[in-house]
Amino acid sequence: MSRRSGFSLSEVLVSLLILSLVSVLMVGVIPSSIFGLRQAQHRQAALQLCQTTAAGLRGVGFDQLPTSDWSPDKTYQVDSLDYTIQYRISELPEQDPTSHKPLAKLIECRVHWFIQHRPSRYEYATLVLR
């Protein structure tokens, strides 16, 4: 009498147990991956708002760019989420020795938004050179 080839019932049950454990663990990873992806999208939108604001300020020209304290809040809606942005401009202490004028100005931006009543914040800074 020869033995039949194939899987025994215990081997099938062990493989199903392993497969179900791996599946349960993978299902637990998916929501955190989706949350991380959404956070990255929100940070990307905040960065884009900061870069657009800084580009607009740079377009004014170095000498016409006034120093200021934090600007009033301005709200933008991106993908049905409200982002509030502020910026300020400050002169850096390095000066041109011949004219005693600043060589650089610093533009700082702050963006705030809320996701499910939890605040999030993004900060950005860039230099404008003479």
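Two strands are taken to pair if DSSP finds at least two bridges between them, and strands (E, at least two residues) and helices (H or I, at least four) are DSSP runs numbered from the N terminus. By that convention, A104 stands opposite L129 in strand 4. This is a predicted model, in which local features need pLDDT of at least 70 and side-chain atom pairs count only at pLDDT 80 or more, while totals for chains, interfaces and linings use all residues. Residues are numbered from 1 along each chain as its sequence is written, and side-chain values use heavy atoms, with hydrogens and water left out.

**Strand pairing**
- Strand 3 and strand 4 run antiparallel and are joined by twelve bridges.
- These two strands form a hairpin with two residues between them, and Q116 in the turn has a positive phi of about 50°.

**Nonpolar core**
- The largest nonpolar core (buried Ala, Val, Leu, Ile, Met, Phe, Trp, Tyr and Cys residues joined through side-chain atoms within 4.5 Å; buried means under 20% relative accessible area with a 1.4 Å probe, protein chains only) has 21 residues, of which C50, Y83, I107, V111, W113, Y122 and Y124 touch the most other members.
- Two or more residues each come from helix 1 (9-58), strand 2 (81-91), strand 3 (104-115) and strand 4 (118-129), with helix 1 giving the most, namely seven.
- Beyond its neighbours within four places in sequence, V111 is in contact (heavy atoms within 4.5 Å) with A46, C50, Y83, T84, I85, S120, R121 and Y122.

**Helix 1 residue**
- L16 is found in helix 1, and L16 is partly exposed (between 20% and 50%), with a relative accessible area of 48%.
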